[in-house]
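Me: I'd like a close look at how one end of this chain is put together, and then at how the rest follows on from there. Could you walk me through it in one go?

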Amino acid sequence: MTILELQSVEKKYSQAENFAVKDVSFKVTSGEILALVGESGSGKTTLLRLIAGLEHPDNGIIYLSGNKIVEGRKSVPSNQRKVGMVFQDYALFPHLTILENVKFGLPKNLPDPEKVAKDTLKLVGLSENFSKYPHQLSGGQQQRVALARAIAPQPSILLMDEPFSNLDAMLKDQVREEIRQIIKKTGVTAIFVTHDTRDALSTADRIAILHKGRLQQIDSPRNLYEKPVNAYVANFFGKRNEILATPTVDGFYTPFGFIADERSKQYSEKVRLLFRPEHATLYNEVGQVLNGSIFKVSYYGDHQIVKLADEDGKRVSIKTSPHLDLSNLTQVGFSLDYFEVEPAF
Ligand SMILES: Nc1ncnc2c1ncn2[C@@H]1O[C@H](COP(=O)(O)OP(=O)(O)OP(=O)(O)O)[C@@H](O)[C@H]1O
């Protein structure tokens, strides 16, 4: 069931030259976690604030739980939208205990707000800290209080602005997983903004990528990573190698060797074979499907990146196990586990 729908939403700030958000349309399904990603200034926060009602669009329509909450410049006020919000700095009240923080956002007519607040704090794993103040908690715990405050009133949608940016790298992996599990347990639909592709790839069910205010692609993490619709999306998620190739009836001739592949039949002109460093397998011997000269090996502890060159010096990078022994080798073999084919020109 669709919980949120945006139709051609646009926003231009009064002093700005360009639209911060331009012609953005998408739907979010009940229970889904959607990540909004894009480089700085791409419009992520503006889009989140438009959904929350903290900004007003110039054009477009937004539906939340089947109700039209925005139509052009007319919109339902933020406090009537049933939207839960977690801010980047958590925005907890410092002079209130964490229980009071969570109770604060609950509707006044609830029969037992204390019980709802306590149950929600338990749900986020904070059953022993009811009477502590925010400054007595770790960053990760404060974030869970902020999450509890946002979900306690049972919002139609939970919006989170850079929820992982204040956490150090060691904590991040654990917190991402905890937050994902809490959200899934409550069944709330969630949208979060991040500039970190790993946050998005590991936590979201789908990712929407923005560039200069325009939606480029909205898709599963795997599809965005493996089947990007354009070069911007592909490069946003890390390096892709390119090999120029000539199609024949049964495969592609490349400067590294011949690859048998049915897709070659669809092309008559030169093509580019595109693959990520981790989508190739490297062998510490020649005589494989493809062969190249080692240009450089970079060791990173948990993996190595091996740069290979063809006869003309064109290079590709391959990610491999840190244990593959490449010492004293100048030539190695490799194969492609997965690659995309695009016309070269
Ligand atoms: N209050 C404002 N007044 C004028 N322009 C603004 C305002 N807020 C944002 N902008 C502009 O709108 C565009 C989109 O900004 P926005 O903050 O939505 O991007 P973002 O993707 O969230 O960036 P970041 O990752 O840096 O937070 C940018 O060009 C920004 O300079």
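Which residue in β2 does Thr2 stand opposite?

Reply: Thr2 faces Thr29 in β2. Before going on, some housekeeping. Numbering starts at 1 in each chain and follows the sequence as written. This is a predicted model, where local features need pLDDT of at least 70, side-chain atom pairs count only at pLDDT 80 or more, and totals for chains, interfaces and linings use all residues.

Thr2 belongs to strand β1 (residues 2-11), which is joined to β2 by six bridges, with the two running antiparallel. Strands here are DSSP runs of E with at least two residues, helices are H or I runs of at least four, and both are numbered from the N terminus. Two strands pair if DSSP finds at least two bridges between them. The wider setting is an open sheet of five strands, ordered β2-β1-β4-β5-β6 with antiparallel pairing. Its edges are β2 (21-29) and β6 (74-75), each of which pairs on one side only.

There's a ligand too, with 13 residues around it, and Tyr13, Ala20, Ser40, Thr45 and Thr46 come nearest. A residue counts as near if its C-beta atom, placed from the backbone, lies within 6 Å. The shell splits into three nonpolar, nine polar and one charged residue. In that count, Ala, Val, Leu, Ile, Met, Phe, Trp, Tyr, Cys and Pro are nonpolar, Asp, Glu, Lys and Arg are charged, and the others, Gly among them, are polar.

Further along comes β8 (residues 157-161), where five of the five residues are buried, so the strand is largely enclosed by the rest of the structure. Buried means 20 or more other C-beta atoms within 10 Å of the residue's own, exposed means 12 or fewer, and partly exposed is in between, again with C-beta atoms placed from the backbone. Ile157, Leu159 and Asp161 point one way from β8, while Leu158 and Met160 point the other. That fits the usual pattern: side chains in a regular strand alternate between the two faces of the sheet.

β8 has parallel partners. Strand β7 (residues 83-86) pairs with β8 over four bridges, and Val86 sits opposite Met160. Strand β9 (residues 189-193) is joined to β8 by five bridges, with Met160 opposite Phe192. To get from β8 to β9 the chain goes through helix α5 (residues 169-186), a right-handed β-α-β crossover. Right-handed means that, with the strands pointing away from the viewer, the path from the first strand over the helix to the second runs clockwise.

Everything so far falls in domain 1 (2-236), and domain 2 covers 241-343. Those bounds come from an automatic or database domain assignment. The two centres are 40 Å apart over C-alpha atoms. An unreviewed UniProt entry places "domain: ABC transporter" at residues 4-237; UniProt positions use the numbering here, feature names are shortened, and annotations may be inferred rather than shown by experiment.

In domain 2, β13 (residues 251-254) and β14 (residues 257-260) pair antiparallel over four bridges and form a hairpin with two residues between them. Tyr253 has Phe258 as its bridge partner there. Phe275, in strand β15 (residues 271-275), counts as buried because it has 20 C-beta neighbours inside 10 Å.
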